Amino acid sequence: MSDEYAALRLRSQLCFPLYAVSNIITRKYKPLLDELDLTYTQYIVMMALWEENEVNEKHLCEKLYLKSNTLAPLLKKLEDKGFIKKDKSGGDGRNLVITLTESGEELKDRAICVPEAIAREFHLTPEEAAALHQILYKMLDEERAYNFQGGY
């Protein structure tokens with residue numbers, strides 16, 4: 001490929017290694033999460049609830065960078081599994097509040113080993129992991145700020 005098209009090389013892209021690593025990470029989570037009867041996306045919903053225990057749907061969408069039409073079926077499946085409970089809040093039937101059930105809270109004890117098991121899969125020094133974490137959250141924070149200002 002000529003230098004004119006160097007920007008189109010896979011190795012020139014930031015998006016490609018992010019995409020590829022994301023796929024690798026999700027595959028590494030699968031056997032661990034299968035034991036918990038969770039998909040990766042259900043797992044991140046549960047992690048958000050383990051932090052806050054009760055949250056409204058809109059806040060959960062924002063926190064997880066998910067659209068409502070993506071989150072709704074996830075919540076339905078988690079409710080069917082008995083991990084969460086959904087309630088309409090107050091007088092506004094559109095404000096859906098999600099809380100953990102006892103079973104959902106107990107699942108946290110079974111999931112405690114997952115982050116460490118995943119960390120062992122990648123050979124990053126603590127400094128490398130911290131730097132990557134910082135860069136990725138910088139990108140996410142910029143995305144959130146852009147969307148808040150009416151972007152996209």
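How many bridges join β2 to β3, and do these strands run parallel or antiparallel? I began my entries with this pairing, keeping in mind that the model is predicted, and I found 5 bridges joining β2 to β3, with the two strands running antiparallel.

**Entry 1, the sheet.** I then looked up the whole sheet, which is open, has 3 strands in the order β1-β3-β2, and is paired antiparallel. I noted that β1 (54–56) and β2 (84–88) are the edge strands, each with a single partner, so one side of each has no neighbour in the sheet. From one strand to the next I read an average twist of 25°. For a particular bridge I picked D87, whose partner in β3 is V97. As background I wrote down that strands of a sheet pair through backbone hydrogen bonds, either parallel or antiparallel.

**Entry 2, T99 in β3.** I turned next to T99, which lies in strand β3 (residues 96–100), and asked whether T99 is buried or exposed. T99 has a relative accessibility of 12%, and because buried means under 20%, I entered T99 as buried. Leaving out neighbours within four places in sequence, I listed N53, E54, F83, I84 and K85 as the contacts of T99.

**Entry 3, I84 and the core.** Since I84 appeared among the contacts of T99, I looked up its own list, which, without residues up to four places away in sequence, holds M46, L49, L75, L78, E79, I98, T99, L100 and T101. I84 also belongs to the largest nonpolar core, a set of 28 residues in which L38, Y43, V45, M46, L60, L71 and I84 touch the most other members. The elements that give two or more residues to this core are α1 (15–34), α2 (40–52), α3 (57–64), α4 (68–80), β3, α5 (102–111) and α6 (114–121). Which element gives the largest share of this core? I found that α2 does, with 7 residues.

**Entry 4, helix α2.** I therefore examined α2 on account of that largest share, and noted that α2 lies across β1, β2 and β3, running at about 85° to β3. From first C-alpha to last, the 13 residues of α2 reach 19 Å, close to the 18 Å expected at 1.5 Å a residue. As the buried residues of α2 I recorded Q42, Y43, I44, V45, M46, A48, L49 and W50.

**Entry 5, helix α5.** In α5 I found G104, L107 and A111 buried, and these cover an arc of only 45° around the axis, which puts them on the same side of α5. The face turned away from that buried side carries the exposed residues E102 and D109. Among what covers the buried residues of α5 I listed α2, β3 and α6.

**Entry 6, positive phi.** Most residues other than glycine have a negative phi, and with that in mind I looked up two residues. D37, in the loop between α1 and α2, has a positive phi of about 60° although it is not a glycine, and D37 is partly exposed, with a relative accessible area of 45%. N53, placed in the loop between α2 and β1, is not a glycine either and has a positive phi of about 65°. At 39% relative accessibility I entered N53 as partly exposed, and I noted again that N53 is in contact with T99.

Methods
Residues numbered from 1 in each chain as written. Predicted model: local features only at pLDDT ≥ 70, side-chain atom pairs only at ≥ 80, totals over all residues. Heavy atoms only, no water. Buried < 20%, exposed > 50% of the residue type's maximum accessible area, 1.4 Å probe, protein only. Contact = heavy atoms within 4.5 Å. Core = buried A, V, L, I, M, F, W, Y, C linked by side-chain atoms within 4.5 Å. Pairing = 2+ DSSP bridges. Axes fitted to C-alpha atoms, helices over the stretch in contact; angles between N-to-C directions. Expected span 1.5 Å × (residues − 1). Arc of directions from axis to C-beta.
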